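Open the model in your viewer and keep the selection tool ready. We will go stop by stop.

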Amino acid sequence: MMQVQKPRLILDNGLRLDGRRPDEMRPIKIELGVLKNADGSALFEMGNTKVIAAVYGPKEMHPRHLALPDRAVLRVRYHMTPFSTDKRKNPAPTRREIELSKVIREALESAILVDLFPRTVIDIFMEVLQADAGTRLVSLMAASLALADAGIPMRDLIAGVAVGKADGVLVLDLNEPEDMWGEADMPVALMPSLKQVALLQLNGSMTPQEFRQALELAQKGIEIIYNLEKEAIRKKYAEYKEE
Amino acid sequence: MSTINKIYFEDRSIVTPGDLIAEGDFQIPWSPYYYKFGNKYYSTVTGLLEVKGNAFEVIPLEGNRYFPKVGDTVIGLVEDIEIYGWILDIKAPYSAYLPALSVLGRPVTPGEDLRRYLNIGDYVVAKIETFDRTINPILSVKGKNLGRITNGVVIDIPPVKVPRVIGKNRSMLDMLTEETGCEIIVAQNGRILANCANKAVEEALITAIRIIERESHIKGLTEKIRKFLREKLGENKNDASSKAQTNT
């Protein structure tokens, strides 16, 4: 529900509105291969944020003149379903969705080995089923896992989490009120094995020292998410391993 | 050797994209399934890691596309007809071209309808003659056992499972042929052509291939499939003979 007045984001006992500690993340659920028709797919849930991603390709590019001679083109669509928010969202792509599609595309381009498939296209679709802050990172991670499910070679899986500042306290994995009323919001996505940054944005203000602390906090969260992602991929093969 | 080569995984373990496989300097052939960054080797796909002494190989477990390689035998599906040849789907990110010259053994006479030789929906066993990053694959049907498929059934599997259906030293393929008596051609692009004696054997073979596809990462799969086929065909062989009796 929309609130008109800023609520207190950090309670007297030091916990957040949803009862989490400042460095605690929301529960995560990952499922791969949820769609039959796509080459690869994944469902990623982080608290109340739910995103489904599907990958098609690499395939021949049509129209031909848009293909690149030395690498694969990525066509990325980030979209929020009309029922993902508390008020119905118009399904037409908004300025925000077009921008996020671009940001996610650039993050994925750094991970996928696009030069292996010249003159082709890889289509990536992400649908936000339920939005509760952090949809861009959850979408990015869902896309990264869908790519792994499709068997498209990439440098590393992408894991990401947002850090922010709420009532002067650095908090990990923002929720909706913190996103809306907090002083800063910084989504960070890394390729953890390579120790490379895939996406970093900052909205609000932080001191240089806070920024460093925030990045460190994000890294800790990302490490946990990264392991969960790998576990989710391996789970599929563990089922038959026993025999 | 100044650097010490170290492999961090055991043989036959599952690797995911970004897993640090090994460190050092390995004399291994290039593959899209690993990625070298400095002296560190990372996996790029979900796959099975095979360690052989001082070398390793990542065998992918996911992937619906075939990446063409010159010399590979493939089974193509005719998608379109042009004046001098056919466009074939070979489950690759690129469509393949089969020139009529290769099928007819002579140039096309102007006004000739190529539909008479190969029509849309036909399957063709062919070889990849040329392919590189700049041009689409060009096929050829000059050679033994190549050409239009006239009988049998074509089974689609993900191209990454092809090595498993063939097996080490063709062990799996030999076993399948031996147990079912079918004539089997496994094309590199994930299409299998099978010519079987009767429908029951054909169905058993398809079920067996589906099991291989699903459980390709398991050890001792060949023996499991052999057992499965013996069980399945033990009863069906009787069926076939009884049917044959009623027919006569």
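The tour below visits strands in chain A, then a sheet and a helix pair in chain B.

This is a predicted model, where local features need pLDDT of at least 70, side-chain atom pairs count only at pLDDT 80 or more, and totals for chains, interfaces and linings use all residues. Residues are numbered from 1 along each chain as its sequence is written, chains are lettered from A and ligands numbered from 1 in the order in which they are written, and side-chain values use heavy atoms, without hydrogens and water.

**Stop 1: chain A.** Select strand S5 of chain A, residues 120–130. Eight of its eleven residues are buried (under 20% relative accessible area, 1.4 Å probe, protein chains only). Strands are DSSP runs of E, at least two residues, and helices are runs of H or I, at least four. Two strands pair if DSSP finds at least two bridges between them.

Add strand S3 of chain A, residues 49–60: nine bridges join it to S5(A), antiparallel. Find A:Tyr56 and its bridge partner A:Asp123. Now add strand S4 of chain A, residues 73–80, which pairs with S5(A) in the parallel sense over eight bridges. Here A:His79 stands opposite A:Glu127.

**Stop 2: the sheet in chain B.** Four strands form an open antiparallel sheet, in the order S1-S3-S5-S4. Strands S1 (6–7) and S4 (34–37) of chain B each have a single partner strand, so one side of each lacks a neighbour in the sheet.

**Stop 3: two helices in chain B.** Select helix H3 (171–180) and helix H4 (199–214) of chain B; they pack at about 155°, with axes 11 Å apart. They are therefore roughly antiparallel (over 145 degrees).

Notes. Axes fitted to C-alpha atoms, helices over the stretch in contact; angles between N-to-C directions. Parallel < 35°, antiparallel > 145°, perpendicular 65-115°, else oblique. Buried < 20%, exposed > 50% of the residue type's maximum accessible area, 1.4 Å probe, protein only.
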